[in-house]
Amino acid sequence: MTPSTTLLVSYARYHRDPRNIATHYAGIPLIIFAIGVLLGRLQFSLLGLPLNGAVTVWALAAAWYLYQGVSVVTMATIAVTGLLVMFAQPFAQAALLPWLAVGLGSFVVGWAFQLVGHVWEGRKPAFVDDIRGLLVGPMFVTAEVWFALGGGKSLRDQIDAEAGPVARQTPRPTGQA
């Protein structure tokens, strides 16, 4: 397995409840956006090139993703996280109160989604056991979206074989709450 597949399998072991996966579709992008808003305010220049904290963190994360292997998932993760950071930049330049409201608000709501999902899952978040989970999360959501769109069948099969299949919810019989 490639390093990225190994990381996805490890992360998937904490995410086999479809409700938990669904909360990650909202939670993780909100957290990335929030980080883009909050860190985008840190302006500096390097060798005459204007930068900010959000773009710097994104570039370091992108390098880490590439180190895990160049694949559809890693490249899409770099692109999606880059877009989220780009969309955050106007909010990073807002006045103090709107900047804090959008940045901290998105961060708190994103983590609330994550925590609700893990309560449903009955497991702690993956990053508690492996801090890399904070970087694998966006890659996992990107892969899950790709799977939902019909792509990546062999990768999904490999993850399911190693981590177990996503639990399918059984419908309740009629008349029960």
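**Exercise 1. Classify aspartate 129, then find its partner.**
Is aspartate 129 buried, partly exposed or exposed? Which side chain meets it in a salt bridge?

*Solution.*
Step 1. In this predicted model, aspartate 129 has a relative accessible area of 46%.
Step 2. Buried means under 20%, and exposed means over 50%. Aspartate 129 is therefore partly exposed.
Step 3. Its salt-bridge partner is lysine 124, at 3.0 Å from N to O.
Step 4. Lysine 124 has 41% relative accessibility, so this residue counts as partly exposed too.

**Exercise 2. Trace two salt bridges that reach helix 7.**
How many salt bridges does the structure hold? Which parts of the chain does the pair of glutamate 162 and arginine 13 tie together?

*Solution.*
Step 1. The count is six salt bridges.
Step 2. Take glutamate 162 and arginine 13. Their closest N and O atoms are 4.0 Å apart.
Step 3. Place both residues. Glutamate 162 belongs to helix 7, and arginine 13 to the loop between helix 1 (3-12) and helix 2 (18-39), so the bridge ties together parts 149 residues apart in sequence.
Step 4. Check exposure. Glutamate 162 is partly exposed at 40%. Arginine 13 is partly exposed at 39%.
Step 5. Now take arginine 16 and aspartate 160. Here the closest N and O atoms are 2.9 Å apart.
Step 6. This pair also links distant parts of the chain: arginine 16 sits in the loop between helix 1 and helix 2, aspartate 160 in helix 7, 144 residues away.
Step 7. Check exposure again. Arginine 16, at 10%, is buried. Aspartate 160, at 21%, is partly exposed.

**Exercise 3. Describe the chain as a whole.**
How many helices and strands are there in the chain? In what order do the elements run?

*Solution.*
Step 1. Count the elements: seven helices and two strands.
Step 2. Read from the N terminus. The order is α-α-β-β-α-α-α-α-α.
Step 3. Box the C-alpha atoms along the principal axes. The box is roughly 60 × 40 × 30 Å.
Step 4. Look at burial. Of the 177 residues, 41% are buried.
Step 5. Look at contacts with a separation of 6 or more. Residues 24 or more positions apart account for 76% of them.
Step 6. Look at the surface. The chain exposes about 9,700 Å², and carbon and sulfur atoms supply 72% of that area.

**Exercise 4. Find the main core and its chief supplier.**
How many residues does the largest nonpolar core have? Which helix gives the largest share?

*Solution.*
Step 1. Start with a general rule. In soluble globular proteins, nonpolar side chains tend to be buried together.
Step 2. The largest nonpolar core in this model has 31 residues. Leu8, Val136, Met139 and Ile159 have the most contacts inside it.
Step 3. List the suppliers of at least two residues each: helix 1, helix 2, helix 3 (53-67), helix 4 (72-92), helix 6 and helix 7.
Step 4. Helix 6 gives the largest share, six residues.
Step 5. Zoom in on valine 136. Beyond its neighbours within four places in sequence, valine 136 is in contact with Leu7, Leu8, Tyr11 and Trp64.

**Exercise 5. Follow helix 6 to its end and beyond.**
What covers the buried residues of helix 6? Is leucine 149 buried or exposed?

*Solution.*
Step 1. Check the length. Helix 6 has 16 residues and spans 21 Å between its first and last C-alpha, close to the expected 22 Å.
Step 2. Pick out buried residues of helix 6. Among them are Gly133, Val136, Met139 and Phe147.
Step 3. Name the cover. It includes helix 1, helix 2, helix 3, helix 4 and helix 7.
Step 4. Leave the helix. Leucine 149 lies in the loop between helix 6 (133-148) and helix 7 (153-163).
Step 5. At 72% relative accessible area, leucine 149 is exposed.
Step 6. Leu149 forms a nonpolar surface patch with Tyr25 and Val145, with about 300 Å² of accessible area together.
Step 7. Glycine 150 also follows helix 6, and its phi is positive, near 95°.

**Exercise 6. Locate leucine 51.**
Where is leucine 51 found? Which residues does it touch?

*Solution.*
Step 1. Leucine 51 is in strand 2 (residues 49-52).
Step 2. At 18% relative accessibility, leucine 51 counts as buried.
Step 3. Skip residues up to four places away in sequence. Leucine 51 then touches Leu42, Gln43, Phe44, Ser45, Leu46 and Thr56.
Step 4. Set leucine 51 against arginine 13. They are 38 residues apart in sequence, and their C-alpha atoms are 37 Å apart in space.

Definitions and conventions
Residues are numbered from 1 along each chain as its sequence is written. This is a predicted model: local features need pLDDT of at least 70, side-chain atom pairs count only at pLDDT 80 or more; totals for chains, interfaces and linings use all residues. Side-chain values use heavy atoms; hydrogens and water are left out. Patches are made of residues with over 30% relative accessible area and no salt bridge: like charges are joined within 9 Å, nonpolar side chains (Val, Leu, Ile, Met, Phe, Trp, Tyr) within 5 Å. Accessible areas come from the Shrake-Rupley method with a 1.4 Å probe; for residues, only the protein chains shown count as cover. Helices (H or I, at least four residues) and strands (E, at least two) are DSSP runs, numbered from the N terminus. Buried means under 20% relative accessible area, exposed over 50%, partly exposed in between (1.4 Å probe, protein chains only). A nonpolar core is a set of buried Ala, Val, Leu, Ile, Met, Phe, Trp, Tyr and Cys residues joined through side-chain atoms within 4.5 Å. Contact means heavy atoms within 4.5 Å. The expected span of a helix is 1.5 Å times one less than its number of residues.
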